[in-house]
Amino acid sequence: MTRILPAALAAALLVSPFTFAIAADTAPREPYGIALEGFAYPYPVHLLPVVNDGEQLSMAYMDVPAAQPNGRTVVLLHGRNFPSNYWAPVIKMLGEAGFRVVVPDQIGFGKSSKPQGELHFDTLARNTIALLDHLKIDKAEVVAHSLGGMLGVRIARAYPDRVAHLVLTAPIGLEDYRLYVPPTPTGKMIETEDKLTPEGYRKQLQTNYAIKLPAEAITPFIDARFNIKGSPDYPRWLRAFVSSGQMIYREPVAHEIPLIALPTLFIMGADDHNAPGRPLAPEALRARMGQNAELAKALAAKMPNARAEVIPNTGHLVFLEAPEKYKELVLGFLGR
């Protein structure tokens, strides 16, 4: 018996973090509320009342002051599958550099309201500008990630006088997905998303985003999504989530990116080939999708004041995977 216990302990220590993460995926989940009640954010969360298409909603945001302010503000725009708490290291990095940091959850995401109506980039852009007005911020630096990159483009195009610099971090929307993917009915998308399991979602994140992080670092993203299933309002959350997918497909911004005149920096992960809807595209077209680093370089070359930087050995979560290089690029660019 004394020989068996050390052997068993050694075997346990050899189990990878991924194994423990899978065990967590299959464990019973304590429900979160539809506005991620029960899911911690790193700074206090405030609510801004907004009206979208006649519906009274609340937009959640963090407003983090700098210890030694430089008089400038950065707005961080999140991705589709990521609540705003994932910006925590970037908030800290920017705050230490003197920036006030404003981090909204867009309507339909995170701790903000989940609307009955459809999501649109124009509406999200208006909400973001309303937040800047509320906070009396005339002009801000915009740092965006993933779906937030598409929103950042829409804001830069619609409100160029409100944006000083635009940083597009692993943005999606650098191509028009309608050229590859056939339209999918909303009902079908709801059915598919509802059938997804935590284990399947983990695999989806790792495959689509080429994430170079430990398995346990991905678990909060899975929790943020699947613990909501226990909420009685889960069907409304699911419809809003699917609406965001339809928004990406139906409202491309790739054709507008070359028209952006303000200083723009693309920061791309070399291994990030994320392309929403690729599994639904004809097989012959799939390989042509998601060449994101090359797309960013080609778009930057068409713009009057832009450049693209590609970080080797990184995927879609480039600011978490290569934090020091990301810091160097962002602070160097914003320091212009």
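1. Helices, H13 among them, are DSSP runs of at least four residues, numbered from the N terminus. Leu334 belongs to helix H13. The model discussed in this note is a predicted one, and the points below take up two helix packings, the aromatic pairs and two individual residues.

2. The first packing concerns helix H3 (residues 88-96) and helix H13 (residues 323-334), whose axes lie 11 Å apart at an angle of about 45°. H3 is therefore oblique to H13. The handedness of the crossing between H3 and H13 is right-handed.

3. On the H3 side of this contact stand Val90, Met93 and Leu94; on the H13 side they meet Tyr326, Lys327, Val330, Leu331 and Leu334. By character, the residues of the contact of H3 with H13 comprise 7 nonpolar and 1 charged, with no polar residue.

4. Leu334 deserves a separate remark. Its relative accessibility is 1%, so Leu334 counts as buried, the cut-off being under 20%. When neighbours within four places in sequence are left aside, Leu334 is in contact with Arg72, Val74, Leu94, Phe99, Glu141, His165 and Val167. Leu94 in H3 is thus listed among the contacts of Leu334. A further relation is given by C-alpha positions: Leu334 and Val142 are separated by 192 residues in sequence and by 9.9 Å in space.

5. The second packing involves helix H6 (residues 186-195) and helix H9 (residues 234-250). Their axes are 10 Å apart, and the packing angle is about 120°. Because of that angle, H6 is oblique to H9. H6 crosses H9 in a right-handed sense.

6. In the contact of these two helices, H6 contributes Thr186, Met189, Ile190, Glu193 and Asp194, while H9 contributes Tyr234, Leu238, Arg239, Phe241, Val242, Gly245, Gln246 and Arg250. The contact of H6 with H9 divides into 6 nonpolar, 3 polar and 4 charged residues.

7. Aromatic rings form the next topic. With ring centres required to lie within 6.5 Å, the count comes to 13 aromatic pairs. One of them joins Phe39 and Tyr41 in an edge-to-face arrangement, with 6.3 Å centre to centre and 80° between the planes. Phe39 and Tyr41 are both buried.

8. Phe82 and Tyr209 form a tilted pair, with 5.6 Å centre to centre and 40° between the planes. This pair links distant parts of the chain: Phe82 sits in the loop between strand S3 (73-77) and H3, Tyr209 sits in helix H7 (residues 198-209), and the two are 127 residues apart. Phe82 has a relative accessibility of 3% and therefore counts as buried. Tyr209 is likewise buried, its relative accessible area being 7%.

9. Which residues do ring pairs link into a cluster? The cluster consists of Phe82, Tyr86, Trp87, Tyr209, Phe221, Phe319 and Tyr326. Two of its members, Phe82 and Tyr209, make up the tilted pair described above, and Tyr326 also takes part in the contact between H3 and H13.

10. Finally, is Thr123 buried or exposed? Thr123 is placed in helix H4 (residues 121-134). At 12% relative accessibility, and with under 20% as the cut-off, Thr123 counts as buried. Thr123 and Asp53 are 70 residues apart along the chain, and their C-alpha atoms are separated by 8.9 Å.

Methods: Residues numbered from 1 in each chain as written. Predicted model: local features only at pLDDT ≥ 70, side-chain atom pairs only at ≥ 80, totals over all residues. Heavy atoms only, no water. Axes fitted to C-alpha atoms, helices over the stretch in contact; angles between N-to-C directions. Parallel < 35°, antiparallel > 145°, perpendicular 65-115°, else oblique. Left-handed = near helix turned anticlockwise from the far one by under 90°. Contact = heavy atoms within 4.5 Å. Nonpolar A, V, L, I, M, F, W, Y, C, P; charged D, E, K, R; others polar. Buried < 20%, exposed > 50% of the residue type's maximum accessible area, 1.4 Å probe, protein only. Phe/Tyr/Trp six-rings, centres within 6.5 Å; stacked < 30°, edge-to-face > 60°.
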